[in-house]
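Welcome! Take a moment to turn the structure around on your screen, and then let us walk through it together.

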Amino acid sequence: MVELLVFGVMALVAIGSALAMLLSRNTVHAALFLVMNFVTVSLIYLILGAPFIALAQISVYAGAIMILFLFVIMLLGSEKLPAAEPLRAHRPLALLVGLIFLAELAMAVTYRAGIIVAPPAPTDTFTSPAALGLALFHSYALPFEITSIILLAALVGAVLLTKKEPKV
Amino acid sequence: MEFSSPFPLIPWAVFIPLIGLGINLFFGRYLGEKGSGWLATLAAGLSFALSVWIAIALAANPVPLVATLAPWFSIGTFTVQWAFRIDTLSVLMMLVVTGVGTLIHVYSIGYMHDDVRHNGDPSRYPRFFVYLNLFIAAMLVLVTANNYLMLFVGWEGVGLCSYLLIGFWYEKGAEGLGNARAAKKAFLVNRIGDFGLLIALFLLFGAFGSLDFDTIFGHASQASQALVLAVTLFMLLAVTGKSAQLPLYVWLPDAMAGPTPVSALIHAATMVTAGVYLIARSQALFVAAPVAGQVTAWLGALTALFAATIALAQSDIKKVLAYSTISQLGFMVAAVGMGAVVAGMFHLATHAFFKALLFLGAGSVILGMERGHEAGHTEGHEDDFDPQDMRTMGGLFRRMPVTAGVYCVAALSLAGIVPLAGFFSKDEILAFAQQGNFAIFIVLAIAAFLTAFYITRQVAMVFFGVPRSEAASAATESNSLILVPLVILAALTLLGGEINLPGSVPLEHWLSHTLTQMNTVEFSLSVAAISTLIALVGIGAAWLMYSRKSLATAQARDPLDVNLHWLFLGMQHKWWVDEIYGFLVVKPYTWMSGALASYFDQGLIDGIVNGVGKINLWLASVWRKLQNGYVRSYALIFLTGVAAIILYVVFK
Amino acid sequence: MVPVTYYLALSAVLFVIGALGVVLRRNAIVIFMSLELMFNAANLLFIAFAAYYQNISGQIIVFFVMAVSATEVAVGLALLVAIFRAKQSIDVDQVSSLKG
């Protein structure tokens, strides 16, 4: 019962902040709403028995990625874009497609998910970071290493892309 | 190659003219006039020599033989081969074609030398001989074919050569187009006949499963009556086209637009006789369908009479001879229609001699008139001088004696005066008609009278009386290259009667080895007397009318015009047949093709094709708007696609 | 005792909101943030099923997704900076020269 209540509140906050991010005109406000969304979802992860992921969410997403966003916002200046919309039929169409999408997912959930059972209570062996670490380095060692290469590539790429062109 | 028998060399009769034309085609301009002309003559002459040798060898052993050259094609059980049939009938035709052909080649060397200068294009000289050799080759393919398909190849080949040669001076003629129009007319009218022959071939194939002569003639009596009747009537349509009978004769007078040797060779002596040969060869079929024979005989007789009436009132020397050819072909067609194949072939041979002689003589007269005209007017040609108009001629006997002499021999032969060749052959036809078909005999007798009349009229107008123009009074005799073939043909005309003289009848014996039914009659003195009487009356009447001073000037009215004004008008205008055809057939056809071209072809079909293009362009312009450059709309499209896929997955 | 379907529904709603954000907003930075939202929704789904099936692989996948999305954000923002230098604007509608 309590869990349901907590989940409900978290869900509402998550959806609310997501909508606020979508609708806010000020870019910095949008970033901050997104941070709220990440934190809320992180709490939901905790309920679901993934403490390591929850904290990783906060530190990586909310902590690093959003900081990156805020830096770029600072660099580029969140300008006020002109209100006129060049593509007139765009907004209604997009809303329509979104609604259809939502309806489909709802239908998929109702008709396909025949399980209305709660997940079992989290146990220590399942939720502990030790278990995660063991699985990571036992079965998923290769993706781990490859991810490090991806990170390196991203690093190099980011530097290269923002280099100023040498004056000829 | 063993030289004891000529039979292995049979295909060479066709190949030698083809080689000749090939050399003339590629190297003609380097050979010069003498070179190309004599080369072509040599080719034709070698074919003639080969034909003579084959004839001699065949006489020793007159059994028909078939020499297969190569297979042509084979579809299922239907096989057609390039096979030459050597029997007495085909050898007779070969001799006539190559013999008269060689003489005309010699004549052409001299004639075309003058003609290309008169028409202003000396470089076209070799082309004439290319076409002449092609004609000889095609005609030989026609007469030596062993199956109807090969015969059809030759049939079409001679039609092509006729077109090429009539339109030889394609940029000349009335309005700069006249010769080309005449060539086109000949080809189109012949096409109608060829359609008939094709239908006949289809029917034959359907009934007999093969187009070989032996197969068809062997089983002719077993096929259904209706089918054989249909086949023979369609063949008759082809004959009316190629041999210029009613109703498809209209191309032959227009074909006189070609050079005179062409008129002599193709439109008098050889090509037009292909129809007669076809009927003679298909005798087995015509025997199995007697109705067709009757129709053919009446068609021939009526054509003979009709054409003779038109010839009475023509003023162009070659047109008289053209209508005379149609009339004499009518005699031949009537003969083979009645079943008298020997008489028909006899007249074919003699007619080749004297009609070729008449045409070549007319050519000599035309050249003489042109020389006279050029001698009188040294500053250039007047365009309205027509060297072929008989009303400006006259008294040429004194100026061109040799030409006049041989021409008179030929004229007497045409009229049918004993002992010339024409008498014997025409008499045989008349005798056969009198015994079997009295009505046809009457028609042919009247036609014979008119024949004698119009040819005497022509001789009197051209050679006797007083010259009616400067050109006629200044005309000169032609050179020996032209005169020698004329003299040879005159000798053949004098002696040609020997071919089938009553009593010894060598032609009858010759053809008896090939023909299945020999319909001949004994020589009948009464018929001979009647026909001679008719001829003499005709000659006398014409002589009285035309040799007196009634035709003193070129503008004087024709004596026939004075006496029979309305009839003369009709005859002079060819009974308005061309105009009637134009109104009934040509006009609706051109209207229909114009309507089809504009509404159907340009409107509908072009509309559809262009419409496809236009629709494509329109569709493209619609789709183009999708690429508006905005990333957001692309993203929306992605989203829509994903939604669609999920829709599919959910509802599966 | 929260049924799995609730988590699914939440994830779906977050995903759709993110998708609409990508399509509707013209500010490039906000588009990126909406992308992050979509990733987030997917992560939520993975964790929910990991918990339901008691299978640790779901969490590991989320681990990797986080790492890679970090790199993607880095590179994407670098691109954005480069475009800003050329166009002097972060409006994605300005990047529309390839029109048909």
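Let us begin where chain A meets chain B: this contact takes 10 residues from chain A and 10 residues from chain B. What kinds of residues does chain A bring to it? On the side of chain A that touches chain B, eight residues are nonpolar, one is polar and one is charged. Keep in mind as you look that this is a predicted model.

Now move over to the place where chain A meets chain C. Here 65 residues of chain A and 57 residues of chain C take part in the contact. Several helices of chain A give at least two residues each to the side that touches chain C: α1 (2–23), α2 (27–47), α3 (51–76), α4 (90–112), α6 (129–139) and α7 (141–161). Which of them supplies the largest share? That is α3(A), with 12 residues. Sorted by class, the side of chain A that touches chain C holds 56 nonpolar residues, seven polar ones and two charged ones.

With that contact in view, chain C itself is worth a visit. Its secondary structure is made up of three helices and zero strands, so if you follow chain C from the N terminus, you meet the elements in the order α-α-α. How spread out is chain C? Its radius of gyration is 17 Å, whereas the globule rule gives 13 Å for 100 residues. The value for chain C is well over that figure, so chain C is more spread out than a compact globule. You can also look at the extent of its C-alpha trace, which spans about 50 × 25 × 20 Å along the principal axes. Of the 100 residues in chain C, 57% count as buried. Consider next the contacts within chain C between residues at least 6 apart in sequence: 44% of these join residues at least 24 apart.

Finally, turn to chain B. Its secondary structure comprises 26 helices and two strands. Along the principal axes, the C-alpha atoms of chain B fill a box of roughly 110 × 65 × 55 Å. How many of its residues are buried? Chain B has 652 residues, and buried ones make up 52% of them. As for contacts within chain B with a separation of 6 or more, 81% are between residues 24 or more positions apart.

Conventions
Residues are numbered from 1 along each chain as its sequence is written. Chains are lettered from A and ligands numbered from 1 in the order in which they are written. This is a predicted model: local features need pLDDT of at least 70, side-chain atom pairs count only at pLDDT 80 or more; totals for chains, interfaces and linings use all residues. Helices (H or I, at least four residues) and strands (E, at least two) are DSSP runs, numbered from the N terminus. The radius of gyration is taken over C-alpha atoms; the globule rule is 2.2 Å times the number of residues to the power 0.38. A residue is buried if 20 or more other C-beta atoms lie within 10 Å of its own, exposed if 12 or fewer, and partly exposed in between; C-beta atoms are placed from the backbone. Two residues are in contact if their C-beta atoms, placed from the backbone, lie within 7 Å. Ala, Val, Leu, Ile, Met, Phe, Trp, Tyr, Cys and Pro count as nonpolar, Asp, Glu, Lys and Arg as charged, and the others, Gly among them, as polar.
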